[in-house]
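Here is a short briefing to read with the model open beside you. It moves from a few single residues to the open and enclosed spaces, with some chain totals along the way.

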Amino acid sequence: MLKTLCELYKYREMLKNMVTKELRQRYKGSVLGFLWTFLNPLLMLVIYSIVFSTIMRIDIENYSMFLFVGLLPWMFFSTSVLISTGSIVNNGNLIKKIYFPREILPISVAITGLVNFLLSLIILVPALLFFKMEITVAIFTLPVIIVLQLIMVLGFTLFVSSLNVYFRDLEHILGVLMTAWFYVTPIIFPLQMVPTKFLWLVKLNPVAPLMFAYQDIFYYGVVPKWESLGNVFIFSVASLMIGMLTFGYLKRNFAEEL
Amino acid sequence: MTVIEVKNVWKKFRLYHEKRPSLKEIILFKGRGKWEDFWVLKDINLKIEKGTTVGLIGQNGSGKSTLLKLLTNIIYPDKGQLNIKGRVSSLLELGAGFHPDFTGRENIYYNSSVFGLTKKEIDKRVDEIIEFSELEEFIDNPVRSYSSGMYMRLAFATAINVDPDILLIDEVLAVGDANFQKKCLRKINEFRKQGKTIVFVSHDHNVVAKLCNYAVWLDQGEIKASGGSKGVIDSYLAHMAEQEEIRLAGEHKQREENDVIGEVVDNERVARTKEEVNSEQESQGQSPNRWGTREIEITDVKLLDGKSIERHVFDSGEHVTIQIRYKVNKGFGNPVFGIGIFRDDGICCYGTNTEIDNLLIKDLKDQGAVLFKVDLNLTEGHFLLNVAVHDEDGYMYDYQSSRYSFVVNSKLSEVGICKLPHQWIIS
């Protein structure tokens with residue numbers, strides 16, 4: 001594993017190029033180009049604000065912001081995992097012809113997701129101010145949460161991208177799974193709304209504490225509860241280990257399976 | 001110093017008889033094997049010293065490319081070990097990592113990074129790469145607007161400038177125009193002089209002979225010979241000639257059998273439609289490979305070597321006898337026998353007959369043979385032999401085109417059709 005890490009460092013330029021390629025390609029050919037990276041979350045926010053303030057009245061103060069704060073990190077998680085699933089299979093041509101540490105492919109998807117997430121935060125902060133919500137010192141704990149989430153996302157992407165080579169149905173299964181997962185994560189509803197008999201589902205959900213942390217930082221303006229994050233830390237590191245080991249074991253036959 | 005060590009390496013491929021099994025099939029036919037294991041490489045042992053240029057030769061499917069992929073670390077052996085020291089760059093396929101929408105320059109950066117270079121290292125090389133690719137004017141255009149030649153040039157230039165300790169090349173030199181090919185070869189030669197190790201797969205034994213000082217001949221997954229490139233290539237060519245001989249002999253046998261069947265059909269047709277006697281000639285005239293009245297018939301044609309053994313593959317300059325067996329069916333005038341040697345692209349290399357050579361044949365036995373002795377001064381290639389017998393006025397008894405095919409091999413890479421007797425005098 002140490003060898004893989006050294007090699008990944010050696011290939012950092014490739015990782016960087018893969019990420020810029022992803023970012024550039026997404027809005028390739030559109031008039032507004034890279035601006036869409038900001039426009040997308042902004043317009044999303046506008047729609048939610050209109051819908052939840054006029055059509056579906058929900059008895060939560062600044063509900064659209066509550067939703068937005070949870071939705072952005074969730075999208076970082078779910079899109080990274082979903083896109084990375086096919087990252088090995090779709091780059092078969094490269095894998096069969098050139099040697100490079102294969103980990104680069106899913107990792108670059110995760111990093112791209114991270115960059116997009118960070119850019120969307122640039123929209124989030126002015127939006128909070130616009131809705132006259134306070135930004136407190138809790139924001140300084142944000143990097144810790146983001147790093148935690150990144151570790152978890154990396155673990156997941158490594159795991160699913162390598163498994164998908166041998167079991168291509170995974171891509172479709174994950175699509176459905178993510179939708180279900182979204183609804184057992186308190187993003188569109190606060191934890192208080194979850195009936196007690198389903199509370200265990202949220203408790204088991206490793207993504208939920210991360211979402212709480214983001215909500216604490218941005219929506220409630222308090223420092224996240226560290227106890228629950230301890231478990232997330234253990235889970236994230238474990239998932240990264242499992243992801244790397246699985247990937248390391250499965251990557252030997254990538255070129256033949258593609 | 002040994003830089004590449006291959007120890008008892010085995011590699012198998014799993015050949016599925018059908019597509020990947022679906023879930024239904026997995027459940028229904030569980031335990032029923034639907035694949036076959038195929039050993040592509042069997043117990044390969046190889047040690048390559050630093051600074052050697054190694055040529056891997058062998059027929060299609062002999063495992064050359066698989067071995068190269070193993071060395072590149074793209075696939076892994078099932079058994080055995082590979083030890084490789086130093087930075088490896090492989091040119092398995094040019095431009096594999098190119099992105100069509102990026103400009104040439106962007107692709108240089110992108111592709112070099114895929115080869116493991118850092119930004120600083122690429123900055124240092126980029127000018128050299130552009131110069132080598134001869135694409136100065138187009139370097140800031142997107143690669144999708146390039147011609148395939150330009151694309152390949154850029155790809156080769158990028159790949160070769162990675163500056164590896166070990167370079168693995170798979171048949172990629174077949175691209176580009178002659179000038180660029182020469183340039184590639186020159187670059188590879190430069191590498192050799194810098195004491196880098198090169199492993200090189202090629203069908204072109206001339207290139208291997210020119211570039212490599214060591215050669216490995218793979219045959220059906222096994223190393224059949226390895227050592228100095230000249231010796232290995234010679235025994236490889238000898239083996240190939242043997243194979244070709246067997247193949248051509250088989251083809252001939254097949255053809256002769258077909259001819260017999262054809263004749264039987266012909267005879268039947270003649271018997272059925274008696275009044276159309278004339279059409280016999282016509283129908284024979286229509287046959288593209290054989291026509292004539294058959295008053296004298298050519299029954300058999302053979303090429304014999306110096307030991308009077310029939311062969312289909314000869315070395316350039318070898319002494320050969322063309323043996324034409326005939327049979328007389330009817331009275332005749334003064335017969336003339338002729339031969340014509342054509343290259344497989346239709347160019348006539350040489351043709352003559354007994355009349356041109358002032359040989360008057362007044363009498364023939366009922367059955368016999370005409371021998372044509374010749375030094376086969378042809379360059380390398382595939383050739384066809386036409387034979388004919390007619391009377392002095394050109395009235396055709398029997399004409400058979402492409403009656404016999406044969407191959408000439410040459411160890412020299414001269415060009416042209418035939419070898420003119422020559423000598424050089426330098427003063």
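In which segment of chain B is the place of B:Pro421? B:Pro421 belongs to the segment that comes after strand E18 (396-409) of chain B. Please keep in mind that this is a predicted model. For chain A the mean pLDDT is 87, and 100% of the residues reach 70 or more. The points below take up chain totals, four chosen residues, one helix, a pocket and a cavity.

**Confidence and chain totals**

- Among the elements of chain A, the highest mean pLDDT, 93, belongs to helix H8 (residues 142-166) of chain A.
- At the other end of that ranking is helix H3 (residues 36-55) of chain A, with the lowest mean pLDDT, 82.
- Chain B has nine helices and 18 strands as its secondary structure.
- Chain B runs to 427 residues, and 44% of them count as buried.
- Taking the contacts in chain B with a separation of 6 or more, 71% are between residues 24 or more positions apart.

**B:Pro421, beyond the last-named strand**

- B:Pro421 has a relative accessible area of 78%, so this residue is exposed, the cut-off being over 50%.
- From the C-alpha atom of B:Pro421 to that of B:His239 the separation is 29 Å, with the two positions 182 residues apart along the chain.

**B:Glu244 and its partners**

- B:Glu244 sits in helix H8 (residues 229-272) of chain B.
- B:Glu244 counts as buried because its relative accessibility is 17%, and buried means under 20%.
- The side chain of B:Glu244 makes a polar contact of 3.0 Å with the side chain of B:Arg247.
- The side chains of B:Glu244 and B:His382 are also joined by a polar contact, of 3.4 Å.
- If neighbours within four places in sequence are set aside, B:Glu244 is in contact with B:His382, B:Val313 and B:Val407.

**B:Ser112 in helix H3 of chain B**

- Helix H3 (residues 104-114) of chain B holds B:Ser112.
- Is B:Ser112 buried or exposed? B:Ser112 has 1% relative accessibility and therefore counts as buried.
- Not counting residues up to four places away in sequence, B:Ser112 touches B:Asn107, B:Leu117, B:Ile122, B:Ile129 and B:Thr158.

**The second largest pocket**

- The volume of the second largest pocket is about 880 Å³.
- Its lining is made of 31 residues, and those closest to the centre are A:Lys3, A:Glu7, A:Tyr99, B:Asn73 and B:Tyr76.
- From chain A, helix H1 (2-10) and helix H12 (226-250) each give two or more residues to this lining.
- From chain B, helix H2 (64-72), strand E4 (79-84) and strand E5 (88-91) each do so too.
- H1(A) supplies the largest share of the lining of the second largest pocket, five residues.
- Sorted by class, the lining of the second largest pocket has 16 nonpolar, eight polar and seven charged residues.

**A:Glu7 and H2(B), two contributors to look at**

- A:Glu7 is in helix H1 of chain A, and A:Glu7 is one of the residues closest to the centre of the second largest pocket.
- Not counting residues up to four places away in sequence, A:Glu7 touches A:Tyr99 and A:Pro101.
- A:Glu7 and A:Tyr214 are 34 Å apart in space, C-alpha to C-alpha, and 207 residues apart in sequence.
- H2(B) is mostly covered, with seven of its nine residues buried.
- The buried residues of H2(B) include B:Lys64, B:Thr66 and B:Thr72, along with B:Leu67, B:Leu68, B:Leu70 and B:Leu71.
- After H2(B) comes B:Asn73, with a positive phi near 75°.

**Enclosed space**

- How many cavities of 30 Å³ or more does the structure hold? There are two cavities of 30 Å³ or more.
- The largest cavity contains about 70 Å³ of space.
- Of the 13 residues lining the largest cavity, B:Ser90, B:Glu93, B:Leu94, B:Gly95 and B:Phe115 are the closest to its centre.
- E5 and helix H5 (148-160) of chain B are the elements that give two or more residues to the lining of the largest cavity.
- By class, the lining of the largest cavity has eight nonpolar, three polar and two charged residues.

Technical notes. Residues numbered from 1 in each chain as written. Chains lettered and ligands numbered in written order. Predicted model: local features only at pLDDT ≥ 70, side-chain atom pairs only at ≥ 80, totals over all residues. Heavy atoms only, no water. pLDDT = per-residue confidence, 0-100. Helix = DSSP H or I, 4+ residues; strand = E, 2+ residues; numbered from the N terminus. Buried < 20%, exposed > 50% of the residue type's maximum accessible area, 1.4 Å probe, protein only. Polar contact = N/O pair within 3.5 Å; in protein donor to acceptor, adjacent residues only side chain to side chain. Contact = heavy atoms within 4.5 Å. 1 Å grid on protein atoms, 1.4 Å probe; cavity = no way out; pocket = protein on both sides within 12 Å on 5 of 7 lines; lining within 4 Å. Points joined across faces, edges and corners; volume = space filled by probe spheres on them. Nonpolar A, V, L, I, M, F, W, Y, C, P; charged D, E, K, R; others polar.
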